[in-house]
Amino acid sequence: FRCGFLGLLHLEIIQERLSREFDLDLITTAPSVIYQLHLKNGSVEKVHNPTDWPEQVMLDKIEEPWIRATILVPDDYLGAVLSLCQERRGEQLDLTYVGSRAMAVYRLPLNEVVFDFYDRLKSVTRGYASFDYQLEEYLEGDLVKLSILANSEPVDALSMIVHRTQSEQRGRAICKRLKDLIPRQLFKIPLQAAIGGKVIARETISAMRKDVTAKCYGGDVSRKRKLLEKQKEGKKRMRQFGSVEIPQSAFIEALRIGED
């Protein structure tokens, strides 16, 4: 069963209740919308899950849903709201004032809204903004699939579809956030953000180090060197076969990249 939420607060509350009351093992994924993919063989596919995304060479063009958003906000916070909409690839259609309140009408890609737009909007306006939208049309966009890899293994739950111009910034932010969230192991864990086979961002979680030379008092230095080389070989083997356990809390926190 798959469901979506209005924001991260709703997500956390529902997840917490399902875990406590029904002892369910839940998977949190990055939110997504339905895209229309025009393939080079002439067929059209509707895809909402990034794991079903075909190879880039098979795609002719990609269309994403756009919305008409109406935001009512006290004019004290108008500047922050306009900046947020511009940051999310928005196009301003109208701006009117009613007393001390402003009404901004924007065209926005739904992909940018479902991620954390509502949370950011409430944050920059201290909860005073109201937000309403309606689906308008599908428009062509330069979109790519951003994959997150932990120890060279793809983490499907964190894969997402982003605009090419924002892919590097989003990839760096998620890798940086995951570096603080994933517990350290006995071996180094490379975290990478990739588009197809091209890595666009990388962070490394350093390994926990056991002091294998603690019992060596004096003696020849080659003894210590031998123990350290043995440890190095062991860590190399461990990195090859070891799996990385990502805690569930890390998935929700990784989606909060807009708050940095």
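**A walk through the predicted fold, from one helix to its pockets**

Glu-168 is found in helix 4, which covers residues 164-181, and the model in which this helix appears is a predicted one. With a relative accessibility of 40%, Glu-168 counts as partly exposed, because that value falls between the 20% under which a residue is buried and the 50% over which a residue is exposed. In sequence Glu-168 and Leu-146 are 22 residues apart, whereas in space their C-alpha atoms are 9.0 Å apart.

Leu-146 leads on to another part of the chain, since Leu-146 is one of the residues that Ser-159 touches. Setting aside residues up to four places away in sequence, the contacts of Ser-159 are with Ala-30, Pro-50, Lys-145, Leu-146 and Ser-147. Ser-159 itself sits in the loop between strand 8 (153-154) and strand 9 (160-163). Is this loop residue buried or exposed? Its relative accessibility is 4%, and Ser-159 therefore counts as buried.

Ser-159 also has a place in the wall of an enclosed space. As a general matter, rolling a probe the size of a water molecule over the atoms shows where empty space is left. In this model there is one cavity of 30 Å³ or more, and the volume of the largest cavity is about 50 Å³. Its lining consists of Ala-30, Pro-31, Ser-32, Tyr-35, Pro-50, Asn-111, Phe-115, Ser-159, Met-160, Ile-161 and Arg-170, so that Ala-30 and Pro-50 appear both in this lining and among the contacts of Ser-159. Helix 3 and strand 9 each contribute at least two residues to the lining of the largest cavity. Sorted by class, that lining comprises seven nonpolar, three polar and one charged residues.

From the closed space the reader can turn to the open one. The largest pocket holds about 1,000 Å³ of space, and of the 34 residues that line it, Cys-3, Gly-4, Phe-5, Thr-29 and Pro-31 are the closest to its centre. Pro-31 is also listed in the lining of the largest cavity. Which elements each supply at least two residues of the lining of the largest pocket? They are helix 1 (8-22), helix 3 and strand 6. By class, the lining of the largest pocket is made up of 25 nonpolar, seven polar and two charged residues.

Helix 3 and strand 6 are also connected through their aromatic side chains. The structure holds five aromatic pairs, and one of them is formed by Tyr-118 and Phe-131, with 6.5 Å from centre to centre and 50° between the planes, a tilted arrangement. Because Tyr-118 lies in helix 3 (residues 110-124) and Phe-131 in strand 6 (residues 130-140), this pair ties together parts that are 13 residues apart in sequence. Phe-131 takes part in another pair, with Tyr-133, in which the ring centres are 5.7 Å apart and the planes stand at 35°, so this pair too is tilted. Ring pairs link Phe-117, Tyr-118, Phe-131 and Tyr-133 into a cluster. The accessibility of these rings' residues varies: Phe-131 counts as buried at 19%, Tyr-118 as partly exposed at 28%, and Tyr-133 as partly exposed at 41%. The value for Phe-131 is classed as buried because the cut-off is under 20%.

Two cysteines belong with the buried residues. Cys-85 has a relative accessible area of 0% and is therefore buried, and Cys-175, with a relative accessible area of 1%, is buried as well. How many disulfides does the structure hold? The structure holds zero disulfides.

A contrasting case is Asp-60, whose place is in strand 3 (residues 59-74). At 54% relative accessibility Asp-60 counts as exposed, because the cut-off for that class is over 50%. Leaving aside neighbours within four places in sequence, Asp-60 is in contact with His-38, Leu-39 and Lys-40, and the C-alpha atoms of Asp-60 and Asn-41, which are 19 residues apart along the chain, are separated by 8.6 Å.

These local views can be set against the protein as a whole. Its secondary structure comes to six helices and eleven strands, and 42% of its 260 residues count as buried. Among contacts between residues at least 6 apart in sequence, 62% join residues at least 24 apart.

Notes. Residues numbered from 1 in each chain as written. Predicted model: local features only at pLDDT ≥ 70, side-chain atom pairs only at ≥ 80, totals over all residues. Heavy atoms only, no water. Helix = DSSP H or I, 4+ residues; strand = E, 2+ residues; numbered from the N terminus. Buried < 20%, exposed > 50% of the residue type's maximum accessible area, 1.4 Å probe, protein only. Contact = heavy atoms within 4.5 Å. Phe/Tyr/Trp six-rings, centres within 6.5 Å; stacked < 30°, edge-to-face > 60°. 1 Å grid on protein atoms, 1.4 Å probe; cavity = no way out; pocket = protein on both sides within 12 Å on 5 of 7 lines; lining within 4 Å. Points joined across faces, edges and corners; volume = space filled by probe spheres on them. Nonpolar A, V, L, I, M, F, W, Y, C, P; charged D, E, K, R; others polar. Disulfide = S-S within 2.5 Å.
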